[in-house]
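Here's a quick briefing to read with the structure open beside it. It goes from the overall fold down to a single residue.

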Amino acid sequence: MPQSIEFTLNGRPARVEVAETELLLDVLRGPLGLSGARFGCGAGQCGACAVLVDGASVFACATEIGAVAGCAVTTVEGLGTPQAPHPLQAAFLELQAGQCGYCLSGILLGAKALLDANPDPTRAEIAQALDGHLCRCGVHNRVLDAVALAARRLREEASA
Ligand code: FES
Ligand code: FES
């Protein structure tokens, strides 16, 4: 039975008429037209679908839309723009921390959740935070480098 579900999406009010058991990933990619969150495994095991819900990284393929009513949802479309990329996006581009890019939306949001909570993570902490994100292209080391670079730049910005 469809219901009216309201939440904030990338800083703007959003409302959808869907069953509350619909998966967040399907609603984002379907009625909301945002394809940044990717369908990988569909089983909560790859991280390609990760988005932020009230600042925490969650797997949208394993989250019912009803669970985000009243919450703030951020997808990669809300992270930055080609003209004004988020420092994480800029660092990933600079260090070429990606090949096909399929995993990167989820990794970027997982990394943002980490840096918001811990602005100066060790390499081991970055690896642990992104442990649930699989990359079939094997760019893990460059991902760790890029997150560390972005963290340093964000700290420099904050102290300027
Ligand atoms: S598609 Fe959601 S965890 Fe793999
Ligand atoms: S860059 Fe291809 S899956 Fe990660």
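Of the 160 residues of the protein, what percentage count as buried? In this predicted model, the figure is 38%. The protein has 5 helices and 5 strands, and from the N terminus on they come in the order β-β-α-β-β-β-α-α-α-α.

**Overall dimensions**

- The radius of gyration is 16 Å, which agrees with the value near 15 Å for a compact globule because the rule is applied to 160 residues.
- Along the principal axes, the C-alpha atoms fill a box of roughly 45 × 35 × 25 Å.
- If you take contacts between residues at least 6 apart in sequence, 58% of them join residues at least 24 apart.

**The sheet**

- The 5 strands make an open sheet with the order 2-1-5-3-4 and mixed pairing.
- Strand 2 (12-18) and strand 4 (56-59) sit at the edges, each pairing on one side only.
- On average, neighbouring strands of this sheet are turned by 40 degrees against each other, direction ignored.
- Helix 3 packs on this sheet, where it touches strand 3 (50-53), strand 4 and strand 5; the direction of helix 3 makes about 35 degrees with that of strand 3.
- Strand 1 (residues 3-9) runs parallel to its partner strand 5 (residues 72-74), with 2 bridges between them. Thr8 is found opposite Ala72 in strand 5.
- Strand 3 and strand 4 go the antiparallel way, over 4 bridges. Val51 has Val58 of strand 4 as its bridge partner.
- Those two strands, 3 and 4, form a hairpin with 2 residues between them. Keep an eye on Asp54 in the turn, which has a positive phi of about 50 degrees.
- For reading the side chains, remember that in a regular strand they alternate between the two faces of the sheet.

**Two domains**

- The domain assignment splits the protein into domain 1 (3-78) and domain 2 (87-159).
- There are 21 Å between the C-alpha centres of domain 1 and domain 2.
- Across the boundary, 15 residues of domain 1 are in contact with 14 residues of domain 2.
- On the domain 1 side, strand 3 and strand 4 each supply at least two of the touching residues. The largest share there is from strand 3, with 3 residues.
- Sorted by class, that side of domain 1 has 9 nonpolar, 5 polar and 1 charged residues.

**Helix 2**

- Which residues of helix 2 (residues 87-94) are buried? They are Pro87, Leu88, Gln89, Ala91 and Phe92.
- Their cover includes helix 3 (104-117) and helix 5 (140-159).
- A bit of background: an α-helix has 3.6 residues a turn, so residues three or four places apart point the same way.
- Gln96 follows helix 2 and has a positive phi, near 50 degrees.

**A closer look at Leu32**

- Leu32 is in the loop between helix 1 (24-29) and strand 3.
- Why does Leu32 count as buried? Leu32 has 20 C-beta neighbours inside 10 Å, and a residue is buried if 20 or more lie within that distance.
- Leaving out residues up to four places away in sequence, Leu32 touches Leu9, Ala14, Val16 and Val27.
- The C-alpha atoms of Leu32 and Gly106 are separated by 18 Å, and these residues are 74 residues apart along the chain.

Methods
Residues numbered from 1 in each chain as written. Chains lettered and ligands numbered in written order. Predicted model: local features only at pLDDT ≥ 70, side-chain atom pairs only at ≥ 80, totals over all residues. Buried ≥ 20, exposed ≤ 12 C-beta atoms within 10 Å, placed from the backbone. Contact = placed C-beta atoms within 7 Å. Pairing = 2+ DSSP bridges. Axes fitted to C-alpha atoms, helices over the stretch in contact; angles between N-to-C directions. Domains from an automatic or database assignment. Nonpolar A, V, L, I, M, F, W, Y, C, P; charged D, E, K, R; others polar. Rg over C-alpha atoms; globule rule 2.2 N^0.38 Å.
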